[in-house]
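Please consult the structure shown here alongside this briefing. The points are arranged by topic, from the overall fold to individual residues.

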Amino acid sequence: MAAFIDRVKFEGTPRDLVWKYPADNLSTATQLIVNETQEAVIFREGRGLDVFGPGRHTLSTANMPGLRTLINLPFGGQTPFTAEVYFVSKTTVPDMKFGTRAPIQVMDPRFNVLVPVRCFGIFGVRVEDSKTFITVICGQNRLYTTDDIGTYLKGAITTRVKDYIAEVIIK
């Protein structure tokens, strides 16, 4: 039996930085429940509109309970009034490690020999701007995990560190 009023709540795992609620045909008066450690971002007509903090919120959509079937008939049973909900974790992800997989071969300008150099480190991340994070980093992925952001940032950090090490040795 279909619900008269929808309830939208995070159902992902603790490793999910971004988790998209699977349904997009939410009814008017949908109850959005956001946990203390999250924000929810609502996308309508392809644009990020609202960001909701912790608590219970009532959403307003054009999908009228009881009239959904009638309204959706001309659209092949699909609603023309979609609303997508993304939940974003606001907790800090600590102890993310990075490092070069193999030594970086850098030419020592003084002795004219190749010097193998490695680097390792630890960093942490936390999403500050949920809407920007979704539109710039996550995209339309239904799920974006701590492993995904770790892979992305490790590659970016390692590349910049390699360039920096080469620049310092040359100077």
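The briefing below begins with the protein as a whole and then turns to a helix, a pocket and selected residues.

The model is predicted, and features are reported on that basis. The protein has 171 residues, of which 36% are buried. Its secondary structure consists of three helices and 12 strands.

**Overall fold and surface**

- Among contacts in the protein with a separation of 6 or more, 68% join residues that lie 24 or more positions apart.
- The protein exposes an accessible surface of about 10700 Å², and carbon and sulfur atoms contribute 56% of that surface.

**Helix H3**

- Helix H3 covers residues 146-170.
- The end C-alpha atoms of H3 are 36 Å apart, which agrees with the 36 Å expected because its 25 residues should each add 1.5 Å.
- The buried residues in H3 are Thr-146, Ile-149, Gly-150, Thr-158 and Ile-165.
- An α-helix has 3.6 residues a turn, so residues three or four places apart point the same way.

**Largest pocket**

- The largest pocket holds about 200 Å³ of space.
- H3 supplies five residues, the largest share of the lining of this pocket.
- Strand E8 (93-99) and helix H3 each supply at least two residues of the lining.
- The lining of the largest pocket includes Lys-97, Phe-98 and Gly-99, together with Thr-100, Arg-101 and Ala-102.
- Also in the lining of the largest pocket are Thr-151, Lys-154, Gly-155, Thr-158 and Lys-162.
- By residue class, the lining of the largest pocket comprises two nonpolar, five polar and four charged residues.
- Thr-158 appears both in this lining and among the buried residues of H3.

**Ile-104 in strand E9**

- Ile-104 belongs to strand E9, which covers residues 104-108.
- Ile-104 counts as buried because its relative accessibility is 11%, and buried means under 20%.
- Outside the residues up to four places away in sequence, Ile-104 touches Val-115, Pro-116, Val-117, Lys-162 and Ile-165.
- Of these partners, Lys-162 also lines the largest pocket, while Ile-165 is one of the buried residues of H3.
- Ile-104 and Leu-114 are 10 residues apart along the chain, and their C-alpha atoms are separated by 9.3 Å.

**Cys-138 in helix H2**

- Cys-138 is located in helix H2, which covers residues 130-138.
- Cys-138 counts as buried because its relative accessibility is 2%.
- Leaving aside residues up to four places away in sequence, Cys-138 touches Val-18, Phe-133 and Tyr-144.
- A distance of 9.2 Å separates the C-alpha atoms of Cys-138 and Asp-148, which are 10 residues apart along the chain.

**Positive phi values**

- Asp-95 has a phi near 55°, a positive value in a residue other than glycine.
- Asp-95 is placed in strand E8, a strand that supplies at least two residues of the lining of the largest pocket.
- With a relative accessible area of 56%, Asp-95 is exposed, because exposed means over 50%.
- Asn-112 has a phi near 55°, again a positive value in a residue other than glycine.
- Asn-112 lies in the loop between E9 and strand E10 (113-117).
- The relative accessible area of Asn-112 is 60%, and this residue is therefore exposed.

Methods: Residues are numbered from 1 along each chain as its sequence is written. This is a predicted model: local features need pLDDT of at least 70, side-chain atom pairs count only at pLDDT 80 or more; totals for chains, interfaces and linings use all residues. Side-chain values use heavy atoms; hydrogens and water are left out. Helices (H or I, at least four residues) and strands (E, at least two) are DSSP runs, numbered from the N terminus. Buried means under 20% relative accessible area, exposed over 50%, partly exposed in between (1.4 Å probe, protein chains only). Contact means heavy atoms within 4.5 Å. Accessible areas come from the Shrake-Rupley method with a 1.4 Å probe; for residues, only the protein chains shown count as cover. On a 1 Å grid over the protein atoms alone, a cavity is a set of points where a 1.4 Å probe fits but cannot get out, and a pocket is an open set with protein on both sides within 12 Å along at least five of seven lines; lining residues have an atom within 4 Å of a point. Grid points are joined across faces, edges and corners, and a volume is the space filled by probe spheres set on the points. Ala, Val, Leu, Ile, Met, Phe, Trp, Tyr, Cys and Pro count as nonpolar, Asp, Glu, Lys and Arg as charged, and the others, Gly among them, as polar. The expected span of a helix is 1.5 Å times one less than its number of residues.
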